[in-house]
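Let's take a walk through this protein together. Have the sequence and the 3D view open, and follow along at your own pace.

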Amino acid sequence: MSENYPNFPAFSVSPVPPPAGPDTPAPEQFRGLYGMPMFVTVPTADLAASTEFWVDGLGFFDFFTVPGQVVHLRRWAFQDVLLVPGERPAEAAPMSVSFSCVLNQIDGIVSACEKALPGSVSDPRQMPWGSVEIEVTTPENTRVIMTAARPFDPESAAADYLRENDFNLPDTPGA
């Protein structure tokens, strides 16, 4: 893989900041217009309750609403969700959708989701690829993963895992 995909830092085209540690500031919520390269459509039986959970629990804002038809939510640039009228599935699907955040947002999201809908959020877990993640089940039974990158440590188990999977890694901590 490393021969075909050299280490290419693309943070200049992403709203996600490089993982520099727990004090990395989150980007501002993005209120501008753009052609959405990707978005998630979530059916809900209660637009108002779903909007409240996504805003208060997950940190989205109401970008615009067409009453009774669609609520367009957004966090950072390219993190768009459309809530539309529909039926709530009986259980959460195995598929999930992931949104980036920064490390210092994880605990706040856990607290806010637990307050808004007790039992809706997992404890934070460290993943072998260098992130901390929580899983949230929204009122519509959508599985949302909030993921925050940890700073890169070339001597870590996460770096070993990536090397074992043929990633070309930087030698610099925090890169």
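What follows covers a pocket, a strand and a loop residue. Please keep in mind that this is a predicted model.

Let's begin with the second largest pocket, which holds about 240 Å³ of space. It is lined by 13 residues, and the closest to its centre are Ala93, Met95, Asn141, Thr142 and Arg143. By character, the lining divides into 7 nonpolar, 4 polar and 2 charged residues. Which element gives the largest share of this lining? That is strand 1, residues 40-44, with 4 residues.

Strand 1 deserves a look of its own. Its side chains alternate along the strand: Val40, Val42 and Thr44 point to one face and are buried, while Thr41 and Pro43 point to the other face and are not buried. Next, find the partner strand. Strand 1 pairs with strand 4, residues 80-85, in the parallel sense, over 5 bridges. If you would like a landmark in this pairing, go to valine 42, which stands opposite leucine 83 of strand 4.

Now move along to threonine 138, in the loop between strand 7 (131-137) and strand 8 (143-149). Is threonine 138 buried or exposed? Its relative accessible area is 1%, and because buried means under 20%, threonine 138 counts as buried. To see what surrounds it, leave out residues up to four places away in sequence: threonine 138 then touches Phe53, Trp54, Leu58, Leu117 and Val144. Try displaying those side chains together with threonine 138 to see these contacts for yourself.

Methods:
Residues are numbered from 1 along each chain as its sequence is written. This is a predicted model: local features need pLDDT of at least 70, side-chain atom pairs count only at pLDDT 80 or more; totals for chains, interfaces and linings use all residues. Side-chain values use heavy atoms; hydrogens and water are left out. On a 1 Å grid over the protein atoms alone, a cavity is a set of points where a 1.4 Å probe fits but cannot get out, and a pocket is an open set with protein on both sides within 12 Å along at least five of seven lines; lining residues have an atom within 4 Å of a point. Grid points are joined across faces, edges and corners, and a volume is the space filled by probe spheres set on the points. Helices (H or I, at least four residues) and strands (E, at least two) are DSSP runs, numbered from the N terminus. Ala, Val, Leu, Ile, Met, Phe, Trp, Tyr, Cys and Pro count as nonpolar, Asp, Glu, Lys and Arg as charged, and the others, Gly among them, as polar. Buried means under 20% relative accessible area, exposed over 50%, partly exposed in between (1.4 Å probe, protein chains only). Two strands pair if DSSP finds at least two bridges between them. Contact means heavy atoms within 4.5 Å.
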